[in-house]
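Open the model in your viewer and keep the sequence panel beside it. The stops below each give a selection to make and what to look for there.

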Amino acid sequence: MTTCQTRIYGSEFSPQEIEDAVRNGRLLSMEIEFNQACNLRCIYCYALDTPVDRNELTVDEFKDVIRQAGEMGARKIIILGGEPLLYPHLLEMIRYIRGLGMEIELFTNGTRVTPEMAKILYDHDVRVVLKMNTFDEALQDTLSGSQGSYKLIQQALKNLKKAGYPSETHPLGVSSIICQQNIDELPTMWEWLRDQNILPYFEMMTPQGGAKRHAMLDIDTRAVEQFFHRIAEIDRTKYGHVWEPKPPLVGGECLRHQFSCAVNSEGYVQSCVGITIPIGNVRKQSLKEILRDSEVVQDLKSYRNMIKGPCGECEKIDECYGCRGTAYQLTGDYLASDPMCWKNLDRQDDIMFLPVEASRLVPHKPPVLMIDRLVEVKERASVSEMTVGGDMIFVSADGFLDDAAFPEIISQAIAAQEGFRKMGSRSPELEGFLLGVKKLEIYSRPRVGDTLRISVFKAARYGDFGIIEGEVRKGDELVARGEVKVWQKSGDQEP
């Protein structure tokens, strides 16, 4: 028996290769979307809410970021969408990627896989992953949001087979989401795919975009757990593949944040498509600089030290950290435990969800404590809220907030951000001091009862010293903004 199943995503990278990529800041793969245009409207799609009018990268800009990924060690480019076969320059990009010696994995809804296109993909050694969720024609059309999609997908499969897929040199995969409507038939589909040497790529939905909107797709997590174990038993007894069930991928694990990243059609980089925090744009910085400077990326590479709650304590932490996209979409925190992992169902109270009371994150106590809660965490940035109270030390006798309060408010907001980030760390203690204030501009004086939102961004860091840009608003009104210089003991762990 084999100790793991053969599948497409990430299976070709050994633990040692992944470890080396983390240690040396290199890539093994990169996901990219050339376009957001799609001729289907899959009701579960993460990109369902994407604006149509987008400032997408030019062909030369796409080539440049692919070249950069190759220079960082990437051996494979995963083409997502939109529907890639609608991109007018796809063949040019495929030839360019293959010319750099990188493999290509392309996810397609199949509607444009004509016999001619299937042969082109085969001749260029493209690994194809066809999206197919069910054998039921009406259900497939419903999930695809388009009448007739089932027939087109089935025809695409025939065309790919006629072109020579699957073979040892030309793998073919089928990507299926797990939902309430198809879970009962997926074991049969798994066997059907295995029997044809097609790689099953079954995945739990990340609750974003359409999946978050269509509650009818939701399925009980215990039922998902039973499903995973059933597939594992089928794979072990019938096909000789031995693997331990764990979310979000059937027969595998998602550790892509260790060795990959995602670039969308406008050049924004994310750690994955599920963690919808842009960490930079390739039009403004090199890919290497973006990944090197990103706290999101570095935190996820240090996941053994940084993940909070049950996932951080799990005995499987070396090989699984749940779905980071699901954790972020449901809690607002990419380092939170995965609420949809069946191991965490009885420990939901141990999973932290934003917003979080500031008193849990900073050492300040009333009346010095001014901010009330941390509500949002971004790349080196966050948003906090506060309501001006009459007992605060910076409130004057006439009920107005003193100008001296604003540096302290900004400092407490960044302290809350760092305190929250460090809560899962093995070194969670946080020390810090406000060292100076620069460019402080105050436009109005809030008074007792006013609710303020404080946005802070770590503009620069020099060792343990940081320059923080802060902005305080009351509704849409800008109240104050400025920079503060702080010292914070980092205590950062190596990945």
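Begin with the enclosed empty space: this predicted model holds 4 cavities of 30 Å³ or more. A probe the size of a water molecule, rolled over the atoms, shows where such space is left.

Go to the second largest cavity, which has a volume of about 80 Å³. To centre the view, select Asp299, Tyr334, Val377, Gln417 and Arg421; of the 13 lining residues, these lie nearest the cavity's centre. Next, colour α11 (295-301), β11 (373-378) and α15 (405-421), each of which supplies at least two residues of the lining. Which of these elements gives the most to the lining? It is α15, with 3 residues. Now colour the lining of this second largest cavity by residue class: 7 residues are charged, 5 are nonpolar and 1 is polar.

From β11, follow the chain into the loop that leads to β12 (381-387), and select arginine 380 there. Check the backbone: phi of arginine 380 is near 55 degrees, a positive value in a residue other than glycine.

Move next to a pair of helices. Two packed helices are described by the angle between their axes and the distance between the axes. Select α4 (residues 115-123) together with α6 (residues 149-163); their axes come within 8 Å and cross at roughly 45 degrees. That angle is why α4 counts as oblique to α6. Is the crossing left-handed or right-handed? The crossing of α4 and α6 is right-handed.

Show side chains at the contact. On α4, pick Pro115, Ala118, Lys119 and Tyr122; on α6, pick Asn159, Leu160 and Ala163. By class, the residues of this contact comprise 5 nonpolar, 1 polar and 1 charged.

Continue along the chain from α6 into the loop before β5 (172-178), where proline 166 lies. Select tyrosine 165 with proline 166 and display the backbone: the peptide bond joining them is cis, with omega about -15 degrees.

For the last stop, find the loop between α9 (221-239) and β7 (262-263), and select proline 248 within that loop. What kind of peptide bond joins proline 247 and proline 248? The bond is cis, and its omega is about 5 degrees.

Notes
Residues are numbered from 1 along each chain as its sequence is written. This is a predicted model: local features need pLDDT of at least 70, side-chain atom pairs count only at pLDDT 80 or more; totals for chains, interfaces and linings use all residues. Side-chain values use heavy atoms; hydrogens and water are left out. Axes are lines fitted to C-alpha atoms, for helices over the stretch in contact, and angles run from 0 to 180 degrees between N-to-C directions. Helices (H or I, at least four residues) and strands (E, at least two) are DSSP runs, numbered from the N terminus. Angles under 35 degrees count as roughly parallel, over 145 as roughly antiparallel, 65 to 115 as roughly perpendicular and the rest as oblique. A crossing is left-handed if the near helix is turned anticlockwise from the far one by less than a right angle, and right-handed if clockwise. Contact means heavy atoms within 4.5 Å. Ala, Val, Leu, Ile, Met, Phe, Trp, Tyr, Cys and Pro count as nonpolar, Asp, Glu, Lys and Arg as charged, and the others, Gly among them, as polar. On a 1 Å grid over the protein atoms alone, a cavity is a set of points where a 1.4 Å probe fits but cannot get out, and a pocket is an open set with protein on both sides within 12 Å along at least five of seven lines; lining residues have an atom within 4 Å of a point. Grid points are joined across faces, edges and corners, and a volume is the space filled by probe spheres set on the points.
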